[in-house]
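Q: I would like a close look at one part of this protein. Please start from a single residue and work outward to its surroundings.

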Amino acid sequence: DYVQHKHAPGTTGANDFYAMMDGYLAQLEALGCVIALTADHGMNAKVAMDGTPDVIYLQDWFDAWLGAADAHIVSKARVILPITDPYVVHHGALGSFATIYLPADTDPVKACEKLQAEQGIEVVLTRAQAAEKFELPADRLGDLVVVSEYDTVLGTAKSKHDLSGLDVPLRSHGGISEQR
């Protein structure tokens with residue numbers, strides 16, 4: 001995963017890594033091994049036109065729209081990012097998929113429509129729509145599922161994602177646009 005975050009396809013670092021892996025895989029094949037490869041994300045840089053990370057902080061967005069609940073509950077809505085590792089040199093716990101739990105008095109369809117209008121959002125789905133589209137168990141999803149566009153990532157609150165350690169353009173796990 002490290003190489004895919006640090007080196008774009010076609011660069012010397014990426015090509016050297018893949019040549020090394022090809023050598024190891026050839027050795028396994030020569031031994032008669034069956035080899036299957038898979039990837040967990042695409043390769044697009046997640047940056048704005050000026051090269052800075054292009055992040056939509058969903059918890060901040062929902063807090064601005066719905067407000068914070070009270071002193072004991074930070075937010076009315078709750079944003080969950082399945083990618084939560086803290087390796088800033090990789091992706092700073094930013095990815096292209098999020099699930100949101102809404103307060104009981106918030107209409108999920110209205111929330112979908114409002115959030116879908118944000119630049120950088122590819123799709124916002126209700127729980128039922130997301131369960132069907134992605135073949136996921138509905139009881140493990142929030143009220144909404146959000147997927148960002150190819151060059152944008154999703155975060156919770158800006159204060160919870162330290163990107164100061166990035167030394168190359170942000171590259172993170174991709175969404176629907178990177179299935180090709």
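Where is the place of Asp-143? Please describe that residue, then the elements around it.

A: This is a predicted model. Asp-143 sits in the loop between H5 and S5. Its relative accessibility is 18%, and buried means under 20%, so Asp-143 counts as buried.

Its contacts come next. Leaving out residues up to four places away in sequence, Asp-143 touches Ile-100, Tyr-101, Leu-102, Pro-108, Leu-125, Thr-126 and Arg-127. Ile-100 and Tyr-101 fall in strand S3 (97–101). Pro-108 falls in helix H4 (108–116). Leu-125 and Thr-126 fall in strand S4 (121–126). Arg-127 falls in helix H5 (127–134).

Asp-143 can also be placed against a cysteine. Cys-112 lies 31 residues from Asp-143 in sequence, and the two C-alpha atoms are 9.8 Å apart in space. Cys-112 counts as buried, because its relative accessibility is 8%. Cys-33 is partly exposed, with a relative accessible area of 36%. The whole structure holds zero disulfides.

The same loop holds another residue of interest, Glu-135. Glu-135 is not a glycine, yet its phi is positive, about 55 degrees. Most residues other than glycine have a negative phi. At 74% relative accessibility, Glu-135 counts as exposed. So this loop between H5 and S5 contains exposed Glu-135 and buried Asp-143.

Now S5 itself, strand 144–148. Five of its five residues are buried. Both of its faces are covered. Leu-144, Val-146 and Ser-148 are buried on one side. Val-145 and Val-147 are buried on the other. In a regular strand the side chains alternate between the two faces of the sheet.

S5 has partners. S4 runs antiparallel to S5, and five bridges join them. Val-123 stands opposite Val-147. Thr-126, which also touches Asp-143, has Leu-144 as its bridge partner in S5. Five of the six residues of S4 are buried, so S4 is largely enclosed by the rest of the structure. S3 also pairs with S5 in the antiparallel sense, over four bridges. There, Ala-98 stands opposite Val-146.

These strands feed the nonpolar interior. The largest nonpolar core has 19 residues. Leu-58, Phe-62, Ile-100, Leu-144, Val-146 and Leu-154 touch the most other members. H3, S3, H4, S4 and S5 each supply at least two residues of this core. H3 gives the most, with four residues. A second, separate core has eight residues, among them Ala-130, Leu-141, Val-145 and Ile-176. S5 residues thus appear in both: Leu-144 and Val-146 in the largest core, and Val-145 in the second.

H3 deserves its own look. In this helix, residues 58–66, the buried residues are Leu-58, Gln-59, Trp-61, Phe-62 and Leu-66. Seen down the axis of H3, they fall within an arc of 160 degrees, so they line one face of the helix. The cover over them includes S1, S2, S3, H4, S5 and S6. Gly-67 follows H3, with a positive phi near 85 degrees.

Thr-156 ties in here too. Thr-156 is found in the segment after strand S6 (153–155). At 15% relative accessibility, Thr-156 counts as buried. Not counting residues up to four places away in sequence, it touches Tyr-57, Leu-58, Gln-59, Asp-60, Val-79, Leu-81 and His-161. Two of these, Leu-58 and Gln-59, are among the buried residues of H3.

Finally, the wider setting. The protein has five helices and six strands. Along the sequence they follow the pattern α-α-β-α-β-β-α-β-α-β-β. Buried residues make up 41% of the 180 residues. Among contacts with a separation of 6 or more, 68% join residues 24 or more positions apart. The exposed area is about 10600 Å², and carbon and sulfur atoms supply 55% of it.

Note on methods: Residues are numbered from 1 along each chain as its sequence is written. This is a predicted model: local features need pLDDT of at least 70, side-chain atom pairs count only at pLDDT 80 or more; totals for chains, interfaces and linings use all residues. Side-chain values use heavy atoms; hydrogens and water are left out. Buried means under 20% relative accessible area, exposed over 50%, partly exposed in between (1.4 Å probe, protein chains only). Contact means heavy atoms within 4.5 Å. A disulfide is a pair of cysteine sulfur atoms within 2.5 Å. The arc is that of the directions from the helix axis to the C-beta atoms. A nonpolar core is a set of buried Ala, Val, Leu, Ile, Met, Phe, Trp, Tyr and Cys residues joined through side-chain atoms within 4.5 Å. Accessible areas come from the Shrake-Rupley method with a 1.4 Å probe; for residues, only the protein chains shown count as cover. Two strands pair if DSSP finds at least two bridges between them.
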